[in-house]
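I opened this notebook to keep track of what I looked up in the structure, one topic per entry. The entries follow the order in which I went through them.

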2 protein chains.
Amino acid sequence: MTAAIIIIGDEILLGQVKDTNSSHIADNLLNVGVRVKKILTVGDSKEEIVSALKETSGSYDHIFITGGLGPTKDDITKSAFLEYFGGELVLDENLLIELKLKFEERGWKFHESNISQAEYPDSCEVIPNERGSAQGMLFHQNNSKYFAMPGVPHEMEGILHSWILPYLKKESTQSYLKYISIGTIGISESGLSEIIEPLRNRLGEIEIAYLPGYYGARLRLTAEGADQSDVQKRLDNALSIFRDKIEKYVYSTKGDTLSEVIGYLMREKSLTLSVAESCTGGLIQDHLTDVPGSSDYFIGGVVSYSNDIKDKILGVELESIEQFGAVSSEVAIEMAEGVRRKMGSDIGLSVTGIAGPGGGTEEKPVGLVHIGYSDKKTSKSNQYQFGNDRIINKKRSAGMALGMLWKNLKEYS
Amino acid sequence: MTAAIIIIGDEILLGQVKDTNSSHIADNLLNVGVRVKKILTVGDSKEEIVSALKETSGSYDHIFITGGLGPTKDDITKSAFLEYFGGELVLDENLLIELKLKFEERGWKFHESNISQAEYPDSCEVIPNERGSAQGMLFHQNNSKYFAMPGVPHEMEGILHSWILPYLKKESTQSYLKYISIGTIGISESGLSEIIEPLRNRLGEIEIAYLPGYYGARLRLTAEGADQSDVQKRLDNALSIFRDKIEKYVYSTKGDTLSEVIGYLMREKSLTLSVAESCTGGLIQDHLTDVPGSSDYFIGGVVSYSNDIKDKILGVELESIEQFGAVSSEVAIEMAEGVRRKMGSDIGLSVTGIAGPGGGTEEKPVGLVHIGYSDKKTSKSNQYQFGNDRIINKKRSAGMALGMLWKNLKEYS
């Protein structure tokens, strides 16, 4: 089964909002055997919406439309649907009452402009939105199904998961599409390709993609076919051919994030963690706490932006800072040991570096980062030299710190 | 001037990587008077790339292509370009030497697969990439210019800012496009629309967009015309008509982030800040430290995930936690006061809440968040009830905490 996604939104064409909906939709569609072949982003204009609908007509089994719904944009999108699919706009009195109740319950004011959110083309089936006031719509045309959803990610995701994905699952599929997503850290996409490409002719009928990223490169194997178990077998077989050659870089073959894998290891080994961050400014702890239940092993941490805090809160010796500099292997280790001691955790992780654009010297340029690790047996540090971009330096430092933590957790006993 | 963007990448169609390039390109093009009208995302296949090139042919002044370049994907994209634009692939010996030197300098291994990165169609002008090994390309066809860039954001941005934007600036434009982006916090997009829409007929010939977001709603006014000063006048005039009605929610009319505006106020008033976070897990400090030079006013902070840390590091009374609960107005205030005292800053900001999915009770459900603020004169807290989604709760909490900080900073004297 194939799909296209149409994203409606001037704010995306103007670069003011990043589209995150299409990746969420595409990723989840794969699980029900639907593969996205094209994504189209157009503005909030009736003309452009109708032209996008025409462009996808007849070429895909399913078309997913997000955006253009909501109190301030409804008119344009719904009139585009009426022009393309036919039908008339009708007020759904029951929906209007429901909407008013929902607003009352949540203490929101029911604005006049919200009334239009109970009006829908009679050519569509209304898809309920439990997370907001703009409902979804399903249209049929030329053997294709068109699913329209609001653009607010939380509401789109609600409709997708509670209604559309179960609906698609019920449909029988004739072709199975499966993939393995392999997360690595400590090797580049080129490095992975140099190892795997020479083996290509032994890997059978699969697709391979090498994906770069701040949190390590990812490798994706994809296979498609009529027989579900054959598709899985082809993937497993291909992986088994090169797996030992990349094993030391692989943190997951199940699509987990590095933070999730760290969580599994922390639980498995009954360990607790604390973190001291300087140049990453809280980003490492933000990633760790994205994992539900992380409070079971993550105790807390310190963002020690000033040297004074490194001393006062973490107990780093001011002498070490004077002698070696705040960005040094010695201070990274003292920070990791200090946060571990102060917070009473089994493991301490630390980062100190120069994110830029200011603060660099000839000896210690922007992008220099030291990462420290401490547990009951050992303390150590790694040094990295990243580039000039502040935000990228924060991300790469956080990625490498999580990578160092993962590596040490694996070996921890 | 109009533009289309073509994004090449299976990883985006599979939902494994989010496209952030198109928003960066679109946002920056506006500043040189170029407006993106369409974004097309297609897979790493010669057929799909050629078909996307055909689709944009003749309809736009400029076409920006990202992705599909780099050691593992070069062949497909370059052969698509050769098919569409004509010409032959030639090895640029000088570029090859430069590439080898660049790799050597950075201590990277020069893989055999990198040689192809010195081969380019002779139908294009090569655009230098100082941040990586895949160069950009410029093709001309049917009065349109096609700019091809690698997909790695850092490299794409380097080429865009150092070469393409200056190139476009030199071209004369006949129409000026300007916009004002108004950042607000504490009011919804519907709320903004209810205030502004009744005044619409007095606002003149401008476009208005209401954009929702976790860090507050944004309002965008856009105007276009042949006379630059008239375009600016129309925007200023429209804003002046409703500005006083929304003034208390507006933190910027210049496109700044909330963290940047907080930075301006901290410097202006010579204040220092520290932060104590529970459910946001470091996200607030991550945002604050995205601002270059934030170390001038941001001293540091604590992520107090366990109650023990709230007591040991922040000095929150265990009695308060027992009596009121860790998620309470009292504890939020004690955290803000505690971090301010411990870190020795002028201002303390705190968040305590239940991000979910676990940890909720009937009395204190998932999504309940208290935000605390403390300075030399006053301590206070605000309570919010968000939803069930952990990541969204983190973001909305961080947004509201930054909003509360901003509001108090404005009034600080």
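Entry 1, chain A as a whole. I began with the contacts in chain A between residues at least 6 apart in sequence, and found that 66% of them join residues at least 24 apart. The model is a predicted one, and I keep that in mind for every value below. For secondary structure I counted 14 helices and 17 strands in chain A, whose C-alpha atoms fill a box of roughly 75 × 60 × 40 Å along the principal axes. Of the 413 residues in chain A, 58% are buried.

Entry 2, the two copies. I asked what operation lays chain A on chain B. A turn of 180° with a shift of 0.0 Å along the axis does it, at an RMSD of 0.0 Å, and this is the relation of a two-fold axis. I then compared the interface residues and noted that 100% of those of chain A are also interface residues in chain B, so the copies meet through the same surface.

Entry 3, nonpolar cores. The largest nonpolar core holds 56 residues, and the members that touch the most other members are Ile6, Leu53 and Ile65 of chain A and Ile6, Leu53 and Ile65 of chain B. Apart from this core I found another, of 48 residues, which includes Ile12(B), Ala26(B), Phe64(B) and Met149(B). I went back to Ile65(A) to list its contacts, leaving out residues up to four places away in sequence: Ile65(A) touches Ile6(A), Ile8(A), Leu53(A), Phe81(A), Tyr146(A), Phe147(A), Ala148(A) and Met149(A).

Entry 4, the cavity. How many cavities of 30 Å³ or more does a search of the whole structure find? The search returns one, with a volume of about 80 Å³. Among its 13 lining residues, Asp19(A), Ser22(A), Thr41(A), Asp19(B) and Ser22(B) are the closest to the centre. By element, β2 (35-42) of chain A, α2 (21-30) of chain B and β2 (35-42) of chain B each supply at least two residues of the lining. I sorted the lining by class and obtained five nonpolar, five polar and three charged residues.

Entry 5, the second largest pocket. I noted about 580 Å³ of space in this pocket, which is lined by 28 residues, with Asp10(A), Asp44(A), Ile76(A), Glu207(B) and Ile208(B) nearest its centre. Two or more lining residues come from each of α1 (10-13) and α4 (74-85) of chain A and β2, β10 and β11 of chain B, and β10(B) gives the most, with four residues. The lining divides into twelve charged, nine nonpolar and seven polar residues.

Entry 6, helix α7 of chain B. I checked why helix α7 (residues 189-196) of chain B can be called largely enclosed by the rest of the structure, and the reason is that six of its eight residues are buried. These are Glu189(B), Ser190(B), Gly191(B), Leu192(B), Ser193(B) and Ile196(B). Their cover includes β9 (176-184), β10 (207-211), β11 (218-225) and α8 (228-246) of chain B.

Entry 7, Asn408(A). Is Asn408(A) buried or exposed? Its relative accessibility is 9%, and because buried means under 20%, Asn408(A) counts as buried. Asn408(A) lies in helix α14 (residues 390-411) of chain A, and, not counting residues up to four places away in sequence, Asn408(A) touches Tyr373(A) and Lys380(A).

How values were computed
Residues are numbered from 1 along each chain as its sequence is written. Chains are lettered from A and ligands numbered from 1 in the order in which they are written. This is a predicted model: local features need pLDDT of at least 70, side-chain atom pairs count only at pLDDT 80 or more; totals for chains, interfaces and linings use all residues. Side-chain values use heavy atoms; hydrogens and water are left out. On a 1 Å grid over the protein atoms alone, a cavity is a set of points where a 1.4 Å probe fits but cannot get out, and a pocket is an open set with protein on both sides within 12 Å along at least five of seven lines; lining residues have an atom within 4 Å of a point. Grid points are joined across faces, edges and corners, and a volume is the space filled by probe spheres set on the points. Ala, Val, Leu, Ile, Met, Phe, Trp, Tyr, Cys and Pro count as nonpolar, Asp, Glu, Lys and Arg as charged, and the others, Gly among them, as polar. Copies are superposed by least squares on the C-alpha atoms of residues with pLDDT of at least 70 in both. Contact means heavy atoms within 4.5 Å. A nonpolar core is a set of buried Ala, Val, Leu, Ile, Met, Phe, Trp, Tyr and Cys residues joined through side-chain atoms within 4.5 Å. Buried means under 20% relative accessible area, exposed over 50%, partly exposed in between (1.4 Å probe, protein chains only).
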